[in-house]
Amino acid sequence: AETLTKAIVEIFGPSAAAGLEPDRLQSDTTSVVEATSAMPAELPGPPLASNLTLAQLAEELTATIDRADKAMRAGDWAKYGEEQKRLREISAEIAKAIRK
């Protein structure tokens, strides 16, 4: 359906719309999405050193997940992809540290 109210009416019948707010969607309405270019860019963390402890890697893992989540919520998919790449790097370093 074109609107939520119309969808509810299709599913539950006309009486279901009685308690709902009227639809505000008009044919000339457009979506407004905040541009990510207006947001300050958050740089990825520094390059990983190969001699980090497991505790340091865990801290970096948490920070990277936080940055990835923030990028995802902002719709900054390029930044999200960079953070996913960094997560793979951290995961590889954790695996190396565990094997030592």
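## Exercises on a three-helix model

Lys79 is buried, since its relative accessible area is 9% and the limit for this class is under 20%. The structure is a predicted model, and the exercises below proceed from its overall composition to single residues.

### Exercise 1: Overall composition

Determine how many helices and strands the protein holds, and in what order its elements run.

**Solution.** Step one is the count: the protein has three helices and zero strands. Step two is the order, which reads α-α-α from the N terminus on. Step three concerns burial: of the 100 residues in the protein, 17% are buried. Step four concerns contacts: among those with a separation of 6 or more, 53% join residues 24 or more positions apart.

### Exercise 2: The packing of α2 and α3

Decide whether α2 and α3 are roughly parallel or roughly antiparallel to each other.

**Solution.** Two packed helices are described by the angle between their axes and the distance between the axes. First, locate the helices: α2 covers residues 54-74, and α3 covers residues 77-99. Second, read the geometry: the two pack at an angle of about 165°, and their axes are 9 Å apart. Third, apply the cut-off: angles over 145 degrees count as roughly antiparallel, and α2 and α3 are therefore roughly antiparallel to each other. Fourth, add the handedness: the crossing of α2 and α3 is left-handed. Finally, consider the residues that meet. On the α2 side they include Leu57, Leu61, Thr64, Ile65, Ala68 and Met72; on the α3 side they include Trp77, Lys79, Tyr80, Glu83, Leu87 and Ile94.

### Exercise 3: Thr64 in α2

Establish whether Thr64 is buried or exposed, and which residues it touches.

**Solution.** Thr64 is placed in helix α2. Its relative accessible area is 0%, so Thr64 is buried. Leaving aside residues up to four places away in sequence, Thr64 touches Glu83, Arg86, Leu87 and Ile90. The side chain of Thr64 also makes a polar contact of 3.1 Å with the side chain of Arg67.

### Exercise 4: Lys79 and its polar partner

Identify the residue whose side chain is joined to that of Lys79 by a polar contact.

**Solution.** Lys79 belongs to helix α3. The partner is Glu83: a polar contact of 2.6 Å joins the two side chains. Both Lys79 and Glu83 are listed among the α3 residues that meet α2.

### Exercise 5: The aromatic pair

Find which residues form the one aromatic pair of the structure, and classify the pair.

**Solution.** A pair of aromatic rings is described by the distance of the centres and the angle of the planes. The structure holds one aromatic pair. Its members are Trp77 and Tyr80, with 5.7 Å centre to centre and 80° between the planes. Because planes over 60 degrees apart count as edge-to-face, the pair of Trp77 and Tyr80 is edge-to-face. Both residues lie in helix α3, three residues apart, about one turn of the helix. Trp77 is exposed, with a relative accessible area of 52%, whereas Tyr80 is partly exposed at 25%.

A further step adds Met72, which is found in helix α2. Met72 touches Trp77 and Tyr80, if residues up to four places away in sequence are not counted. Met72 is partly exposed, with a relative accessible area of 37%.

### Exercise 6: Leu4 in α1

State where Leu4 lies, and whether Leu4 counts as buried or exposed.

**Solution.** Leu4 has its place in helix α1, which covers residues 4-12. With 63% relative accessibility, Leu4 counts as exposed, since the limit for that class is over 50%. Finally, Leu4 and Pro22 are 18 residues apart along the chain, and 10.0 Å separates their C-alpha atoms.

Terms used
Residues are numbered from 1 along each chain as its sequence is written. This is a predicted model: local features need pLDDT of at least 70, side-chain atom pairs count only at pLDDT 80 or more; totals for chains, interfaces and linings use all residues. Side-chain values use heavy atoms; hydrogens and water are left out. Helices (H or I, at least four residues) and strands (E, at least two) are DSSP runs, numbered from the N terminus. Buried means under 20% relative accessible area, exposed over 50%, partly exposed in between (1.4 Å probe, protein chains only). A polar contact is a pair of N or O atoms within 3.5 Å; within protein, one must be able to donate a hydrogen and the other to accept it, and residues adjacent in sequence count only if both atoms are side-chain atoms. Rings of Phe, Tyr and Trp (its six-membered ring) pair if their centres lie within 6.5 Å; planes under 30 degrees apart count as stacked, over 60 as edge-to-face and the rest as tilted. Axes are lines fitted to C-alpha atoms, for helices over the stretch in contact, and angles run from 0 to 180 degrees between N-to-C directions. Angles under 35 degrees count as roughly parallel, over 145 as roughly antiparallel, 65 to 115 as roughly perpendicular and the rest as oblique. A crossing is left-handed if the near helix is turned anticlockwise from the far one by less than a right angle, and right-handed if clockwise. Contact means heavy atoms within 4.5 Å.
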